[in-house]
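User: I am new to this structure and would like a guided tour. Could you start with whatever I need in order to follow the helix packing?

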Amino acid sequence: MLTLSSQLNTYLIIGAILFGFGVFGLIRRPSLIGMLIAAELVLSGASINFMAFNHFLAPDPTVGQIITLFIMAIAAAEAAIAMSIVVAVYRNYKSIETEDLAELNG
Amino acid sequence: MSPSLFSPEGLAGVIFLILIGVTLTGAVIATCTKRLIRSVTGLAICFVGVAGLYYFLNSPFVAMMELLIYVGAVCVTIAFAIMLAEPNEARVARKISPLSGSLATICGGAMAYALGYAAVNGQWMAPAIKINDGSVKEMGMSLLTTYSMVFEVVSIVLLLAIIGALVLAKAGRDKQC
């Protein structure tokens with residue numbers, strides 16, 4: 001148990017569990033902000049996979065770290081855009097529930 | 001062989017187990033609580049654990065960036081979104097149907113199981129030789145040589161995100177007034 005930190009599989013399974021939690025939250029959450037939080041969990045699981053492969057398998061151990069930094073930048077941009085979209089949706093509909101945003105239902 | 005509990009390696013192993021617990025607890029809080037502000041707190045806890053895992057993966061710089069960007073910026077941004085949009089908590093609690101809960105559990109569980117199965121049963125080849133040690137200095141060198149184009153493109157993406165966020169928020173305000 002105490003040597004788990006030096007095994008590749010540990011990190012891969014943690015990444016897989018975080019990804020699963022993200023998908024779980026994306027389907028279960030009824031509001032836009034909850035789905036945004038779940039999407040951040042998905043990105044974080046992917047980053048853990050990149051970092052684990054970078055540390056254990058990559059010939060050049062800077063590649064995974066740089067990709068993780070780029071994922072962080074994309075996630076920050078995504079959070080800023082999503083926040084302004086949520087605020088705009090709330091001003092128009094007075095709600096951020098996904099079921100209320102059904103104007104195109106016909 | 002397993003190191004003894006009170007050797008430095010054993011203590012590092014205990015800290016690693018605690019970090020795994022923090023990460024998974026944060027993920028559970030982020031997805032399973034009813035109030036959104038508690039979800040954001042769980043997300044921050046989860047990211048602190050993930051930063052610790054990055055530290056164990058021999059990259060303290062990425063761990064520090066994880067704390068600064070995710071815990072310090074993304075979580076605060078989402079908290080601001082919750083405060084500005086003030087979702088109606090009672091309706092959130094009412095609308096979760098049991099069907100969506102079980103469907104979500106099946107989908108998320110299947111995803112996690114499939115990825116974990118692939119990870120455990122895959123044949124991963126260790127590299128024959130490492131061309132550098134992955135230190136912060138090497139990262140800076142390759143960011144400004146090999147990946148300089150991507151670096152510039154990411155900075156443009158961030159600039160466009162800032163401008164787009166301002167434009168979107170302003171458009172919503174004009175319609176209201």
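Analyst: The axes in question are lines fitted to C-alpha atoms, for helices over the stretch in contact, and angles run from 0 to 180 degrees between N-to-C directions. Please keep in mind that this is a predicted model.

User: At what angle do the axes of H3(A) and helix H3 of chain B cross?

Analyst: They cross at roughly 5 degrees, and the axes come within 9 Å. Angles under 35 degrees count as roughly parallel, and H3(A) and H3(B) are therefore roughly parallel to each other.

User: Which classes of residue make up the contact of H3(A) with H3(B)?

Analyst: That contact has 21 nonpolar, 3 polar and 1 charged residues.

User: And inside chain A, how do helix H2 and helix H3 pack?

Analyst: Helix H2 (residues 32-56) and helix H3 (residues 63-93) of chain A pack at an angle of about 175 degrees, and their axes are 9 Å apart. Because of that angle, H2(A) is roughly antiparallel to H3(A).

User: Which residues make that contact?

Analyst: On the H2(A) side they include A:Leu36, A:Leu43, A:Phe50 and A:Met51. On the H3(A) side, A:Ile67, A:Ile71, A:Ala75 and A:Val86 are among them. By class, the residues of the contact divide into 15 nonpolar, 5 polar and 2 charged.

User: New topic: how many aromatic pairs are there over all chains?

Analyst: The count comes to 6 aromatic pairs over all chains. One of them is formed by A:Tyr11 and B:Phe16, an edge-to-face pair at 5.5 Å centre to centre with 65 degrees between the planes. This pair crosses between chains, since A:Tyr11 is in helix H1 (residues 8-28) of chain A and B:Phe16 is in helix H1 (residues 8-32) of chain B.

User: Are A:Tyr11 and B:Phe16 buried or exposed?

Analyst: Both A:Tyr11 and B:Phe16 are buried. Ring pairs also link A:Tyr11, A:Phe56, B:Phe16 and B:Phe56 into a cluster.

User: What about B:Tyr113 and B:Tyr117?

Analyst: B:Tyr113 and B:Tyr117 form a tilted pair, at 6.1 Å centre to centre and 35 degrees between the planes. Both lie in helix H5 (residues 98-121) of chain B, 4 residues apart, about one turn of the helix. Both tyrosines are exposed.

User: Back to A:Phe56 for a moment. Which residues does A:Leu8 touch, leaving aside its neighbours within four places in sequence?

Analyst: A:Leu8 is in contact with A:Ala52, A:Phe53, A:Phe56, A:Leu57 and B:Trp124. A:Leu8 lies in helix H1 of chain A.

User: Why is A:Leu8 classed as buried?

Analyst: Buried means under 20% relative accessible area, and A:Leu8 is therefore buried at 12%. A:Leu8 and A:Arg29 are 21 residues apart in sequence and 32 Å apart in space, C-alpha to C-alpha.

User: Where is B:Pro60, and how far is it from B:Ser135?

Analyst: B:Pro60 is in helix H3 of chain B. B:Pro60 and B:Ser135 are 75 residues apart in sequence and 9.1 Å apart in space, C-alpha to C-alpha. At 41% relative accessibility, B:Pro60 counts as partly exposed.

User: Finally, what does chain B contain overall?

Analyst: Chain B has 7 helices and 0 strands. Buried residues make up 34% of its 177 residues. The accessible surface of chain B comes to about 10600 Å², of which 73% belongs to carbon and sulfur atoms. Among the contacts in chain B with a separation of 6 or more, 49% are between residues 24 or more positions apart.

Methods: Residues numbered from 1 in each chain as written. Chains lettered and ligands numbered in written order. Predicted model: local features only at pLDDT ≥ 70, side-chain atom pairs only at ≥ 80, totals over all residues. Heavy atoms only, no water. Helix = DSSP H or I, 4+ residues; strand = E, 2+ residues; numbered from the N terminus. Parallel < 35°, antiparallel > 145°, perpendicular 65-115°, else oblique. Contact = heavy atoms within 4.5 Å. Nonpolar A, V, L, I, M, F, W, Y, C, P; charged D, E, K, R; others polar. Phe/Tyr/Trp six-rings, centres within 6.5 Å; stacked < 30°, edge-to-face > 60°. Buried < 20%, exposed > 50% of the residue type's maximum accessible area, 1.4 Å probe, protein only. Areas by Shrake-Rupley, 256 points an atom, 1.4 Å probe, with all protein chains shown as cover.
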